[in-house]
Amino acid sequence: MSAYDRIVRQTFRALVPGHALFITPGAQPATGHDDAGLHVHFPTTNELATAHFGQLWPPLTQPLKYQLISYLAGHEAMHAWEMVRGYRAHPANTLRGLVANILADIRIDHSPVLRTLAHWPLNRDIAYRVLDEPLIPPADLEPAELPHHNALRVLNWGLAMLRCGRLRQSDGTTVQAPTHPLYAQLWPQVLAIMIEARNYNWHTETDLLDRLLDLLRGWTRHQPPPTPADDNSTPDTANTAIVDAEHPDTTEAADAHNPFHWQDEQDQPPDHTDFDQQLHDALSQVPDPRGCTGTHDSQQQEGNSWTPEDAVQEITDSPLREQAEADWEQHQQEAQAEAEQAAQQARRNHPAAALTEDTLAKRELLPAEWFPHQPRAHFHDNVTGDTQLIPPLATQLETVLRPLLTGSARRQRPHTSGSRLDLHHQATRVYVQAAHGGERDPNIWLDHRMGQGRNRLALALVVDCSGSMLSHAPAPAKACHITTAGLLRAIDALGRHADLALAGFTDEVLTIRGFDDTLSTDRAEQLLTLAQSVCGGTAVAPAVAWGLSQLDNHRPGHRDRRMLAILTDAVLGDADRQHTQQRLTAAPGDIITIAIGLGSVDAAELRQLTPNTLILPADRTPQLPGLLQHAIEKQLHA
């Protein structure tokens, strides 16, 4: 996801929920709507933001960048909010369309709908100060000779008053109105129309637009005509502060499939008065348009000493800085929480995840989360040596495990439906009833599942991947790898009647495969090798909790055998050993638990985990089938 993609989606979701959103990265913000949904062009990366905001962007602090991006996102979302409710923009290549954009920007930035966004006033205030105020012409300028230049200034000043609540003179001081008497009559009337635009919805836009244009036309008629030398003068750069280029020119959007083209809106014929044409050309003549609130180094107003850097410094020295930093910190926390929630959802959907409320069982890392734990390449050979021993071992282990699929499986819990009849003690009573019918028929139930079909075997295997497994010679890790790979292949050979869940453990649980997982045996062996190369500390209790959770979530039937096997060198802490013993003691009675000690293991310490143990020297893996068969039979006969 791009750097600012989340902000855009979150804002649109809050203001225009229920609409499909298609984001196209671009330097110039723009919003369109069609039957498919909302189409948004937006600077979603820092590179595009630099192209949009100019060289102002790179030195900004991250909290200020977040404020500006949040403002742009809210501004575009409000355009979308009006569009989905029927608003139709005036054609952008006409004077009415260009001036209507000014009124629309005033209206949407102050819409009550934006109260949905908790920090919108802060976003808007900072954006206005940094992006707009330095572009407003100084309020103490002498009148221009061209009437349309004076009209542009008045429009800019009105926009500045509604956005920033002040005007600035050439020396940076603030005032509340233009200082020259020429503007005194027009200024209050223009400001009043803009205040109406702020306070009302788009249904009043046409009326306000007509009044504003008529006011400007009438005012300029009383100004002296320009001299011939002024006809080719460069237009006042005041236009750059008010042009909203978010509505692309309809001449460039004639394709019926373009969501920014409204086919039912015909282009209005251009106005033919000199003033209208000059004002239209001035508003349209922007060398490098930057969207709703774009800025550019070349757009700094001549004679205006107030710069974007001054605005940033003013914010830094005000309470706005602390508010911006608190807003940014909250955004980071929410983004982190959202990422964690997405990770948890991915974890819950993973077949190897332990779906449980057990806090220890949640100390697990799925394979995709192992990458911060870089495997140690020089340990690889110590783990994967003697792989030629795996196939014959797998065949012998299959022979050992296959008897578990036959015979009477121990129930996880007693069957309680119906009355019970003890045939051993009541044989006479049954005979009398059958021969004479002298008493009421007893309620006799038979468990029709007993003796039918085959058992299923569910084996949860947890493997010690700590550093101590690689620190001896011969390394217990090699025997552990051969044993685990042999069990994987043996279970695979038993077919659909057997399943294996596998995890390694260090300080945390490295989950590899869950029950009913589609992960192949070869891929499981590869992940096992990677897990054994991670190294780390040792905590077997979380792994045991994970294995028991896997068995519990397997939802066994009456003919399922459940088995938990622990492969470790038993280098454990006292607290970890105690917690493991408590968990195994509290495990359901039908689960066969076997702890396999690898290497030079103290049998007494290993038996503190569970009474059913076996010791396998690191260089004696062929002995495993016989030892395992003895341990299983001992457990079944207990």
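Is Arg211 buried, partly exposed or exposed? With a relative accessibility of 34%, Arg211 counts as partly exposed. Please keep in mind as you read on that this is a predicted model.

## Salt bridges

Arg211 is a good place to start, since its side chain meets that of Glu196 in a salt bridge, 2.8 Å from N to O. This pair links distant parts of the chain: Arg211 belongs to helix H8 (residues 205–220) and Glu196 to helix H7 (residues 186–199), with their positions 15 residues apart. Glu196 is partly exposed too, at 26% relative accessibility.

The count of salt bridges in the model comes to 24. Three of them are set out here.

| Salt bridge | N to O distance | Relative accessibility |
|---|---|---|
| Asp5 and Arg9 | 2.7 Å | Asp5 9%, Arg9 30% |
| Arg166 and Glu314 | 3.0 Å | Arg166 16%, Glu314 22% |
| Arg211 and Glu196 | 2.8 Å | Arg211 34%, Glu196 26% |

The Asp5 and Arg9 pair sits within helix H1 (residues 5–15), where the two residues are four apart, about one turn of the helix. Asp5 is buried, whereas Arg9 is partly exposed.

The side chains of Arg166 and Glu314 also meet in a salt bridge. Here the partners are 148 residues apart: Arg166 is in the loop between helix H6 (147–164) and strand S4 (167–168), while Glu314 is in helix H10. Arg166 counts as buried, and Glu314 as partly exposed.

Arg166 and Glu314 belong to a network of salt bridges with shared partners, which also takes in Asp125, Arg129, Glu133 and Arg168.

## Helices H5 and H10

How do helices H5 and H10 pack, at what angle and how far apart are their axes? H5 (residues 120–132) and H10 (residues 308–316) make an angle of about 150 degrees, and their axes are 7 Å apart. Angles over 145 degrees count as roughly antiparallel, so H5 is roughly antiparallel to H10.

On the H5 side, the contact involves Ile126, Arg129 and Val130. On the H10 side, Pro308, Ala311, Val312, Glu314 and Ile315 take part. Sorted by class, the contact has six nonpolar residues, two charged residues and no polar ones. Arg129 and Glu314 appear in this contact, and both are members of the salt-bridge network described above.

## Two single residues

Glu82 lies in helix H3 (residues 62–83). Its relative accessibility is 4%, so Glu82 counts as buried. Setting aside residues up to four places away in sequence, Glu82 touches Tyr87, Arg107, Ile108 and Trp202.

Asp516 gives a contrasting view, being exposed with a relative accessible area of 60%. Its place is the loop between strand S9 (509–513) and helix H16 (521–534). Apart from neighbours within four places in sequence, Asp516 is in contact with Asp499 and His554. The C-alpha atoms of Asp516 and Ala498 are separated by 10.0 Å, with the two residues 18 apart along the chain.

## The seven-stranded sheet

In what order do the seven strands of the open sheet run? The order is S6-S9-S8-S7-S10-S11-S12, and the pairing is mixed. Strands S6 (364–365) and S12 (613–616) stand at the edges with a single partner strand each, so one side of each has no neighbour in the sheet.

Within this sheet, S7 (residues 456–464) and S10 (residues 560–568) run parallel and are joined by eight bridges. Arg456 stands opposite Asp560 in S10. Helix H17 (residues 540–553) packs on the sheet, touching S6, S7, S8 (498–505), S9, S10 and S11 (591–598). The direction of H17 makes about 165 degrees with that of S10.

## Strands S1, S2 and S3

Strand S3 (residues 37–42) is mostly covered, with five of its six residues buried. S3 pairs with strand S1 (residues 21–25) in the parallel sense over five bridges, and Thr24 has His41 in S3 as its bridge partner. Strand S2 (residues 30–34) runs antiparallel to S3 and is joined to S3 by five bridges. One pairing here is that of His33 with Leu38 in S3. A hairpin of two residues connects S2 to S3.

Methods
Residues are numbered from 1 along each chain as its sequence is written. This is a predicted model: local features need pLDDT of at least 70, side-chain atom pairs count only at pLDDT 80 or more; totals for chains, interfaces and linings use all residues. Side-chain values use heavy atoms; hydrogens and water are left out. Axes are lines fitted to C-alpha atoms, for helices over the stretch in contact, and angles run from 0 to 180 degrees between N-to-C directions. Angles under 35 degrees count as roughly parallel, over 145 as roughly antiparallel, 65 to 115 as roughly perpendicular and the rest as oblique. Contact means heavy atoms within 4.5 Å. Ala, Val, Leu, Ile, Met, Phe, Trp, Tyr, Cys and Pro count as nonpolar, Asp, Glu, Lys and Arg as charged, and the others, Gly among them, as polar. Buried means under 20% relative accessible area, exposed over 50%, partly exposed in between (1.4 Å probe, protein chains only). A salt bridge is a side-chain nitrogen of Lys or Arg within 4 Å of a carboxyl oxygen of Asp or Glu. Two strands pair if DSSP finds at least two bridges between them.
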